[in-house]
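Morning, everyone. I'll walk you through one structure today, so please have the sequence and the 3D view open.

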Amino acid sequence: MISDVQTQTQPETSKLASKTQTYKLRFGIVNLDGTKSLSGNYDVGSFLAENTATGEVYDTYYGGGFQALPAYNEGIPAGTYTFSAMQGQGGWAGYGSVTGTVSDAR
């Protein structure tokens, strides 16, 4: 995709919105034995990131019962999120959740 960006004078609300930092997240799976899976196809309906302060949910649903890894979600604002997954078509796997913070801090 090619995008042409031009500088224009915008109202104050647009200036504030343009300063909001967003992030691209990569989802993977941690197996019961602790190994990480960052590639392959899995019976996952969607990976979810729910902002714990606002309740806003970001998901990777692409229209199907399986997700290919790596899965990405772009445009996530900084904040604390609960990361989880939705059941896929076959019901072959169970999923837990983890809470983490999205920010520039390392």
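Let's start with one pair of residues. Gly 79 sits opposite Val 102, and Val 102 belongs to β10. Keep that pair in view. We'll build out from there. One caution before that: this is a predicted model.

Which strands does that pair link? Strand β9, residues 79–87, is joined to β10 by five bridges. The two run antiparallel.

Now zoom out to the sheet. What is the order of its four strands? The order is β6-β5-β9-β10. The sheet is open, and the pairing is antiparallel. Look at the edges next. They are β6, at 57–59, and β10, at 98–102. Each has a single partner strand, so one side of each has no neighbour in the sheet. From one strand to the next, the twist averages 30°.

Stay on the edge strand for a moment. Thr 101 lies in β10. Is Thr 101 buried or exposed? Its relative accessible area is 58%. The cut-off for exposed is over 50%, so Thr 101 counts as exposed. What does Thr 101 touch, leaving out residues up to four places away in sequence? The answer is Gly 79 and Thr 80. You met Gly 79 already, opposite Val 102. Here's another distance to try on your screen. Thr 101 and Asn 51 are 50 residues apart in sequence. In space, their C-alpha atoms are 9.5 Å apart.

Next, the whole chain. How many helices and strands does it have? The count is one helice-type element, that is one helix, and 10 strands. Along the sequence, the pattern reads α-β-β-β-β-β-β-β-β-β-β. There are 106 residues, and 25% of them count as buried. The chain exposes about 7800 Å². Carbon and sulfur atoms supply 51% of that area. Now take the contacts with a separation of 6 or more. Residues 24 or more positions apart account for 52% of them.

On to β1, at 22–27. This strand has two faces. Tyr 23, Leu 25 and Phe 27 make up the covered face. Thr 22, Lys 24 and Arg 26 make up the uncovered one. Which strand pairs with β1 over five bridges? That is β8, residues 71–77, in the antiparallel sense. For a marker, take Arg 26: its bridge partner in β8 is Tyr 72.

Just before β8, slow down. Pro 70 is in the loop between β7, at 67–69, and β8. The peptide bond joining Leu 69 and Pro 70 is cis. Omega there is about 5°.

Leu 69 also leads us to Ser 37. Ser 37 touches Leu 69, along with Gly 28, Ile 29, Asn 31 and Tyr 42, not counting residues up to four places away in sequence. Where is Ser 37? It is in strand β3. Its relative accessibility is 11%. Buried means under 20%, so Ser 37 counts as buried. Compare that with Thr 101, which is exposed. Ser 37 and Phe 27 are 10 residues apart in sequence, and 9.5 Å apart in space, C-alpha to C-alpha.

Last stop, the largest pocket. Its volume is about 550 Å³. How many residues line this pocket? There are 21. The closest to its centre are Gly 28, Ile 29, Val 30, Phe 47 and Tyr 95. Which strands each supply at least two lining residues? They are β1, β2, β3 and β9. And which gives the most? That is β9, with three residues.

So β9 comes up twice today. It is joined to β10 by five bridges, and it gives the most to the lining of the largest pocket. Thanks for listening.

How values were computed:
Residues are numbered from 1 along each chain as its sequence is written. This is a predicted model: local features need pLDDT of at least 70, side-chain atom pairs count only at pLDDT 80 or more; totals for chains, interfaces and linings use all residues. Side-chain values use heavy atoms; hydrogens and water are left out. Two strands pair if DSSP finds at least two bridges between them. Axes are lines fitted to C-alpha atoms, for helices over the stretch in contact, and angles run from 0 to 180 degrees between N-to-C directions. Buried means under 20% relative accessible area, exposed over 50%, partly exposed in between (1.4 Å probe, protein chains only). Contact means heavy atoms within 4.5 Å. Accessible areas come from the Shrake-Rupley method with a 1.4 Å probe; for residues, only the protein chains shown count as cover. On a 1 Å grid over the protein atoms alone, a cavity is a set of points where a 1.4 Å probe fits but cannot get out, and a pocket is an open set with protein on both sides within 12 Å along at least five of seven lines; lining residues have an atom within 4 Å of a point. Grid points are joined across faces, edges and corners, and a volume is the space filled by probe spheres set on the points.
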